[in-house]
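Subject: Structure handover

Hello,

Here is the structure for you to take over. Please have a look at it alongside the notes below.

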Amino acid sequence: MLDRLHDHGRARRVFRLRILFAALISLVVVLTLLGRAAWLQIAQHDHYLAKAEKNRTRVVVVPPERGRIFDAQGEVVADNVATYQVQITPEHSRDVGTELAMLADVLGLGARAVEALEERIRVGRRFDPVLVKADLDEVERARLARLKPWLPGTEIVSSLKRVYPYRELLAHVVGYVGRINAEDVKRLDPDAYQGTQYVGKTGIERQYEDRLHGQPGYRVVEVDALGREVKVLETQRPVPGEDVALTIDVGLQGVAAAALGEYAGAVVAQDPRDGAIRAMASRPSFDPNQFVDGISHRTYRELLEDPDRPLYNRATTATYPPGSTIKPVMGLAGMEYGLLDPDKRFFAGPYYQIPGNDHRYRDWRKWGHGWVDFEESVYRSVDVYYYDLAYRMGIDRMHEFFTRFGIGQETGIDLPGERAGLMPSRDWKQRVKQQVWFPGETVIAGIGQGYMLSTILQLADMTSTLALSGVRHQPWLVAGEREPRPRMTLSKDAYWERAREAMRSVVGHERGTAHKIEAPYPIAGKTGTAQVFSVAQDDEYDAEELERRLHDHALFVGFAPYDDPELSVAVLVEHGGSGSGTAAPIARQVMDFWFDVEPDAEVQPEFTEYGD
C-alpha cells in the first residue's frame, strides 16, 4: 500500500517537471520568435523595406546625350542617331555567367568579346549596366524578348549611337568614341559615367570628353514579377553634354585631302592672325565609325599592320626632317647673330667642304649656283650657302634660335598625342647618345637634315610667325582661354622683311623654286625636300632606280596674301620627290579654295627628281 502511494507521488513530481520543462522550452521559443520578429520589424526595417521595394521598383539610369561636334561653318561632324542596344546589369542577374552564355549564343558573340565583357563586369560596380551589343536589328530584339524570363539581368534599351558622317576626312582630328573597357573604368568617375557605355578614345572626342559627356539622370520605375516596367514613378532628366565647334572648315579640309591624292602625307592650314587651324588633313586615313561599337580583331590588326599606317596622324604625331623649309629662319638667325650680310654675295659652287676636311657636302644642283645673295639663296634654295652659314653659326646657336620658333617643342594644340620633334644641340647628343657633336652634323642641320625633326603643325606655326614678323599664336581647334605668346623680337625689325621678301621671291621670281604656283594673289613660301636615305659620296641620286619608299619627302610652307597674311599652309608629301613639283601645287590648291579663286588646271602635283 505504501509502495503504491510512493510511486503515485513520484509520478506527479515527474509530470510537474515535464510540464515545467515544456513551458520553459515554449517560453524560450516564444521569446526567440518575438526577438527575431522585433529584429526584423524594427532593427532591420529599413533594409527589408528597401529589398521589398526593390522587388517592386527599379532605378534605371538615363545616360546623357553626348554633345555634337560642328565645323566652323556649322556642319555636323560628329552626331548621334537613335538605335537599340542590349545591356546586362549584374545586380539584377541570378547568374551572370549563364546569361552571358545565352547572349553570346543568341547574338553570335565571339570568345574574345565575352572575355572583354566578363572583365568589364569584374572591375565595375554590380549596379552599373554593361553594354553587350549595340545596333540591334529586329530579329535580335525578337529573340531576346522571347528569352526575357531567363534573362532577368538583361534589358533592351533605346540609345543614341555616335556617328561620323565625314568618315575618313576628319578621323584624325575629331577622333572617335569607343566602348568603356576595364582600363577606362579605372580612370573614370563611376557616378558621372553611370549608365554610359561610350567614352572618347582619340582626337577631339578624347580631348574634350568632360565637356561632351554631360551628367546622367534616372527613372524610378515599377516592375512586375518578370521585371518588366509597369509605370514610371519618378524622373530626373540627364544633363546633355555641350556641343563643340571646331575651327576646321570641312570644305577646305576636303580640298586638302583631295589634293594629296594617292600620296601619303599631311596638310595643315592655319590662320596666322589668331592661330586657328582651318584644315588638318592626314593621309591615308580610316573610318572612325568602325570603332564605335567595337572593331573586329581582324580589321584592327589589318589597320595596325598596314605599311601606310592609316591610324597615324601625320600632322601632329609624325616627325620629319624639315629640309630647306627652314632656310628663311636660318637667314634670320644669321642676320641676328651678325654672321650674314643679306646684300653680300657668296660664291655657291657644287659642294661645300669644312676647312681641313675632304668630305664634300653637295648642293642639290650638281653644278652649283654661282654668286648669290641672301634673297637668291632662298628663292633658288642654295644648299652650299647654308652649309657655310651653319658651320659658322654652330649648332648651339642654331638650337637657341630655332627653339624660339617652336621647332622641337610641342605647340600645345588641343589634341592628344602631339609629338615634340627634335632640335638637336651639343648637350642633347651628349646626354642621349653619350657622344660628342661633330662639325659635319652642324653643316647638314643647316638645311634641315640630320637629327632635326619637326611636325607639319610646327612648320605651319613657324610659317605663321614669319608671315606676321614675329607675332605668335598657339595653334587651336576649339575656342577657349589660352596664354598669349609674346612677340618674337629681333635686334632689327628690318630682318623680318628681308626674310619675307625672300620667301615672296620663291614664288614670285621667275627663277624661284615655286614659281610654278604663282597666283592672282601674292604667295610667299619655301620649298623643301627631306632625304629618306643617304647617298654615298661619289654616287648620284637617281629617282628612277629607287623604290618609291626611298624617294625624298617633298615639303612646302607658305602664306598668303603676302602683304596681309590670312592663311599659312604647310605640306608634307611622303616620297613625293621635290617640294617644287609635288608639295607646292598642293598648297596652291588649298589657297585657291580659301581665297575663292578659280583653280589653275596647270598647277597639279607632279613628281620631279630634282629641285627643292
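The notes below go from the overall form to salt bridges and then to single residues and elements.

Overall form

Please bear in mind that this is a predicted model. The protein has 21 helices and 19 strands. Its radius of gyration is 36 Å, well over the 25 Å that the globule rule gives for 612 residues, so the protein is more spread out than a compact globule. Along the principal axes, the C-alpha atoms fill a box of roughly 155 × 55 × 45 Å.

Of the 612 residues, 51% count as buried. The accessible surface comes to about 29,500 Å², and carbon and sulfur atoms account for 52% of that surface. As for contacts between residues at least 6 apart in sequence, 72% of them join residues at least 24 apart.

Salt bridges

As general background, side chains of opposite charge can pair when their charged atoms come close. The structure holds 33 salt bridges. Three pairs and one network are described here.

The pair R68 and D79 has its closest N and O atoms 3.9 Å apart. R68 is in the loop between β1 (57-62) and β2 (69-70), while D79 is in strand β3 (residues 76-88), so this salt bridge ties together parts that are 11 residues apart in sequence. R68 is partly exposed, at a relative accessible area of 30%. D79 is partly exposed too, with a value of 22%.

D383 forms a salt bridge with K327, and here the closest N and O atoms are 2.6 Å apart. D383 belongs to helix α15 and K327 to helix α13 (residues 327-336), so the pair ties together parts that are 56 residues apart in sequence. Both D383 and K327 are buried.

D414 forms a salt bridge with R482, with 3.1 Å between the closest N and O atoms. This pair links distant parts of the chain, 68 residues apart: D414 is in the loop between α16 (395-404) and α17 (426-433), and R482 is in the loop between α19 (456-467) and α20 (494-508). Is each partner buried or partly exposed? D414 has a relative accessible area of 5%, under the 20% cut-off, and therefore counts as buried. R482 is partly exposed, at 27%.

In addition, R66, R162, E205 and E209 are linked in a network of salt bridges.

Helix α15

The helix that holds D383 spans residues 383-393 and is mostly covered, with nine of its 11 residues buried. The buried residues are D383, V384, Y385, Y386, Y387, D388, L389, A390 and M393. After α15 comes G394, which has a positive phi, near 85 degrees.

Q270

Q270 is in strand β11 (residues 265-270). It is buried, with a relative accessible area of 1%. What does the side chain of Q270 make a polar contact with? One partner is the side chain of S464, at 2.9 Å. A polar atom of the Q270 side chain also lies 3.3 Å from the backbone oxygen of G275.

Leaving aside neighbours within four places in sequence, Q270 is in contact with G275, A276, I277 and R278, with A460, D461 and S464, with H473 and P475, and with E566, L567 and S568.

D184

D184 is found in helix α7 (residues 182-187). At 5% relative accessibility, D184 counts as buried. Not counting residues up to four places away in sequence, D184 touches R179, V199 and K201.

Surface patch

On the surface, L24, L27, V28, V30, L31 and L34 make a nonpolar patch of about 550 Å². One of these residues, L27, is found in helix α1 (residues 2-43). L27 is partly exposed, with a relative accessible area of 46%.

To recap the two parts that the notes treat at most length: the three pairs are R68 with D79, D383 with K327 and D414 with R482, and Q270 is a buried residue with a polar contact to S464.

Regards

Methods. Residues numbered from 1 in each chain as written. Predicted model: local features only at pLDDT ≥ 70, side-chain atom pairs only at ≥ 80, totals over all residues. Heavy atoms only, no water. Helix = DSSP H or I, 4+ residues; strand = E, 2+ residues; numbered from the N terminus. Buried < 20%, exposed > 50% of the residue type's maximum accessible area, 1.4 Å probe, protein only. Polar contact = N/O pair within 3.5 Å; in protein donor to acceptor, adjacent residues only side chain to side chain. Contact = heavy atoms within 4.5 Å. Patch = residues over 30% accessible without salt bridge, like charges linked within 9 Å, V, L, I, M, F, W, Y side chains within 5 Å. Areas by Shrake-Rupley, 256 points an atom, 1.4 Å probe, with all protein chains shown as cover. Salt bridge = Lys/Arg side-chain N within 4 Å of Asp/Glu carboxyl O. Rg over C-alpha atoms; globule rule 2.2 N^0.38 Å.
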